[in-house]
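Biologist: Could you walk me through this model?

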Amino acid sequence: MAKILVLHGPNLNLLGTRETEHYGHTSLNDINTLLQAQATAAGHSLTCQQSQSESTLIDTLHQAKTDNTDFLIFNPAAFTHTSVALRDAMLAIAIPFIEVHLSNPYQREPFRQHSYFSDIAKGVISGLGVQSYQLALTAAMQQIATHANQTTSS
Ligand code: DQA
């Protein structure tokens with residue numbers, strides 16, 4: 001059983017009502033419930049956290065290292081485009097992660113087209129709404145299984 005953490009950045013608590021043309025009608029709670037069911041069915045433990053605060057997100061990442069979290073799914077939201085501090089936290093903890101976005105930043109304003117995370121992520125999934133998270137979790141679980149097989153066969 002692997003430990004997976006899904007971390008959501010600022011304003012994502014408003015999903016379902018916030019700019020629905022970009023982010024859809026599904027609430028954060030509903031997304032978390034779907035992901036938890038998907039992970040549990042595969043025998044993994046998954047927790048979800050959301051914060052508006054860069055410092056809380058950094059503390060959560062440090063704690064993930066202490067807790068031996070195996071994999072992260074991270075939607076840094078607006079911090080995607082601004083936060084060197086969160087990037088540094090990701091590099092410091094060195095837990096593999098997939099960067100997720102509900103919307104496709106490349107179809108939006110130019111300032112959304114730079115991410116501080118994409119070059120250090122295992123992968124990036126964006127533009128598919130809730131499915132971005134579901135596909136990220138599917139990929140994360142495959143990555144975990146591949147890593148586990150490599151560890152046992154070496
Ligand atoms: C987002 C895209 C970001 O540009 C934006 O600031 C968000 C959400 C997404 O999921 O599409 O808050 O990360």
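Modeller: Sure, one term up front: a residue is near a molecule or strand if one of its heavy atoms lies within 4 Å of it. This is a predicted model, where local features need pLDDT of at least 70, side-chain atom pairs count only at pLDDT 80 or more, and totals for chains, interfaces and linings use all residues. Residues are numbered from 1 along each chain as its sequence is written, and side-chain values use heavy atoms, with hydrogens and water left out.

Biologist: Which residues surround the ligand, His101 among them?

Modeller: The histidines there are His81 and His101. Around the ligand you also find Arg18, Tyr23, Asn75, Ala77, Ala78, Leu102, Ser103 and Arg112.

Biologist: How far is an oxygen atom of the ligand from an N or O atom in the side chain of His101?

Modeller: For ligand pairs, a polar contact is a pair of N or O atoms within 3.5 Å. A backbone N or O atom of Leu102 sits 2.8 Å from a ligand oxygen. For the His101 side chain, the distance to a ligand oxygen is 2.8 Å.

Biologist: Is Thr60 buried or exposed?

Modeller: Thr60 is part of helix α3, residues 54–66 (a helix is a DSSP run of H or I, at least four residues, numbered from the N terminus). Buried means under 20% relative accessible area and exposed over 50%, with partly exposed in between (1.4 Å probe, protein chains only). Thr60 has 11% relative accessibility, so it counts as buried.

Biologist: What does the side chain of Thr60 reach at 2.8 Å?

Modeller: The partner is in the backbone. At 2.8 Å, the Thr60 side chain meets the backbone oxygen of Thr56.

Notes
Helices (H or I, at least four residues) and strands (E, at least two) are DSSP runs, numbered from the N terminus. A polar contact is a pair of N or O atoms within 3.5 Å; within protein, one must be able to donate a hydrogen and the other to accept it, and residues adjacent in sequence count only if both atoms are side-chain atoms.
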